[in-house]
Amino acid sequence: MANERIRSEALLSKVTTAEAAAKFINDGDTVATSGFTPSGYPKAVPLALAERAKNGEKIEITLITGASVGPELDGALTDAGVIKRRFPYQTNSNMRNAINNGEVKYADMHLSHVSQYMDYGFFGDIDIAIVEAIAINADGGIIPSTSVGVSPQAVKNAKKVIVEINTSQSMHLEGVHDIYMTQQPPFREPIPITKSGDRIGTTYIPCDPAKIVAIVETDITDKVRPLGAIDEDSRKISQHIIKFLENEVEAGRLPENLLPLQSGVGSVANAVLGGLVDSNFTNLTCYTEVIQDSMFDLIDAGKVTVASGTSFTPSEEGLKRLNENMAHYAKYCVLRPMEISNNPEVARRLGVISINTAIEIDIYGHVNSTNIMGSRMMNGLGGSGDYTRNAYISIFTTVSNAKNGDISSIVPMASHVDHTEHDVQVVVTEQGLADLRGLSPRERARAIIENCAHPDYKEMLTDYLDRAEQTKFKHESHLMDEALSWHARFLATGSMKK
């Protein structure tokens, strides 16, 4: 008999073990899964697939997810040598090492591109989709759990679908999702979102029941990551941004309740957004990727009226809080496919204020958000570019130095560029804020050094710029033989300081 979570009597016959479901995956397959951050990703079937490899079976796959996922997927499959190609974003340390060691071929991508790559066939055939859900409707419609990511396109394009019904996920999630998929050009139409809270789709992912080859019941919880405490540097960065936004309102460039906010993943981003709890701003809206702990704080403080994203991305404490109050938070939240949450068209229309983090920023405003010292992949580009280039105001944050002061986050020339000077409008560190709008390159350089550089490096950066400006090229002056010497000096001595 059909039940609350599997609502089709015919589909009950597809219920099987994770081990049996994993046998549908073959060597050489391209596998697309749910998951965006360690939320809503499949767990039981990947663990079973890893066991097949550990037992000596040769199996290598291409893995496509929404973004980073948990250890049962990226970690277990990397350890077992199963993943040979990976798209589009990751945070697992074992996966990162495998990428940097050349064991996994990794292509970093704008997240808004991933879904359409699947639809356009740029990844080739999608052999298997593995999707975590809280329930399956009588018509095969799949109700996602704590994230959406690329799940709709994975289900749409896959030859076979495996569904993990996770009983640890709250049934109060039903109704929070808004599943809308675009058509391929030349038939694509405007996405009909004009406000952050607009609902334009279904609460489930449409799926032909005949494509579902296995249903696995599991209760493995999301292995969410801790969020660091709001430290003094993060608090100062948040205060600089709030003051800047207050000035923008006073100048008439922003409404009193601002425009929809977007904030990236992680502790600093969480802290920056959390600073708004004690601000004078009210009736805020968010159009972002991830809904983190600070968003729950803003909702509980009556500051946020709607938060649109593609994933709940809480800390361990936040996950407990979310599960205990899911019915409450669901009233304020919408989870969309990342094709929609990260869509440049919608971000531009809504006038999103983007706030993202950088690894390093050079004096002219180029941002490196992916590669340590220009060559070692950290996590990936994520959705930062989707919002940055299309934002009403684009903001990048970083602490001014790292490694106990041996690295300056403000450098003469970025060792890798993810966001060009043309897209970066505001740079913020704990030292201060540089508004780069309308400034020439040399003006930007002076503003960034003066306002954002750490005192230990300000004189060195000023000296570099003074000497660079004595060359015959006066627009964006560089001493090319010296521009990247800061990075070389760190690699050689362990410090950027002279």
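Contact here means heavy atoms within 4.5 Å, and helices (H or I, at least four residues) and strands (E, at least two) are DSSP runs, numbered from the N terminus. This is a predicted model, where local features need pLDDT of at least 70, side-chain atom pairs count only at pLDDT 80 or more, and totals for chains, interfaces and linings use all residues. Residues are numbered from 1 along each chain as its sequence is written, and side-chain values use heavy atoms, with hydrogens and water left out.

**Exercise 1.** Work out which residues of helix α8 are buried and what covers them.

Solution. Start with the cut-offs: buried means under 20% relative accessible area, exposed over 50%, partly exposed in between (1.4 Å probe, protein chains only). Helix α8 spans residues 267–274, and six of its eight residues are buried. Those are Ala 269, Asn 270, Ala 271, Val 272, Leu 273 and Gly 274. Now look around them: the cover includes α7 (232–250), β10 (261–263), α9 (293–300) and β16 (353–357).

**Exercise 2.** Lay out the open sheet that contains β17, and say which strands stand at its edges.

Solution. Two strands pair if DSSP finds at least two bridges between them. The order is β18-β17-β24, three strands with mixed pairing. β18 (367–368) and β24 (410–411) are the edge strands; each has a single partner strand, so one side of each lacks a neighbour in the sheet. Next, take β17 (residues 360–362): two bridges tie it to β24, and these strands run parallel. Within that pair, Asp 362 has Val 411 as its bridge partner.

Then step into the loop between β17 and β18, where you'll find Gly 365. Gly 365 is buried, at 0% relative accessibility. Beyond residues up to four places away in sequence, Gly 365 touches His 419, Thr 420, Glu 421, Val 424, Leu 436 and Ile 448.

**Exercise 3.** Describe the surroundings of Asp 178, and find the backbone nitrogen that its side chain approaches.

Solution. First, place Asp 178: it sits in the loop between β8 (158–166) and β9 (212–218). Its relative accessible area is 3%, so Asp 178 is buried. A polar atom of the Asp 178 side chain lies 2.8 Å from the backbone nitrogen of Gly 201. Setting aside neighbours within four places in sequence, the residues in contact with Asp 178 include Asp 198, Arg 199, Thr 202, Val 334 and Arg 336.

**Exercise 4.** Pick out the salt bridges of Asp 27, Glu 132 and Arg 467, and check how accessible the partners are.

Solution. Our criterion is a side-chain nitrogen of Lys or Arg within 4 Å of a carboxyl oxygen of Asp or Glu. The whole structure has 30 salt bridges.

- Asp 27 pairs with Lys 58 at 3.1 Å, N to O. The two residues are 31 apart in sequence. Asp 27 is partly exposed at 39%, while Lys 58 is exposed at 56%.
- Glu 132 pairs with Lys 43 at 2.6 Å, N to O. Glu 132 is in strand β6 (residues 126–136) and Lys 43 in the loop between β2 and α2, 89 residues apart. Glu 132 is buried at 0%, and Lys 43 is buried at 0% too.
- Arg 467 pairs with Asp 463, their closest N and O atoms being 3.0 Å apart. Both lie in helix α16 (residues 455–468), four residues apart, about one turn of the helix. Arg 467 is partly exposed at 31%, and Asp 463 is partly exposed at 31%.

Finally, there's a network of salt bridges to trace: it links Glu 248, Arg 253, Asp 435 and Arg 437.

Methods:
A polar contact is a pair of N or O atoms within 3.5 Å; within protein, one must be able to donate a hydrogen and the other to accept it, and residues adjacent in sequence count only if both atoms are side-chain atoms.
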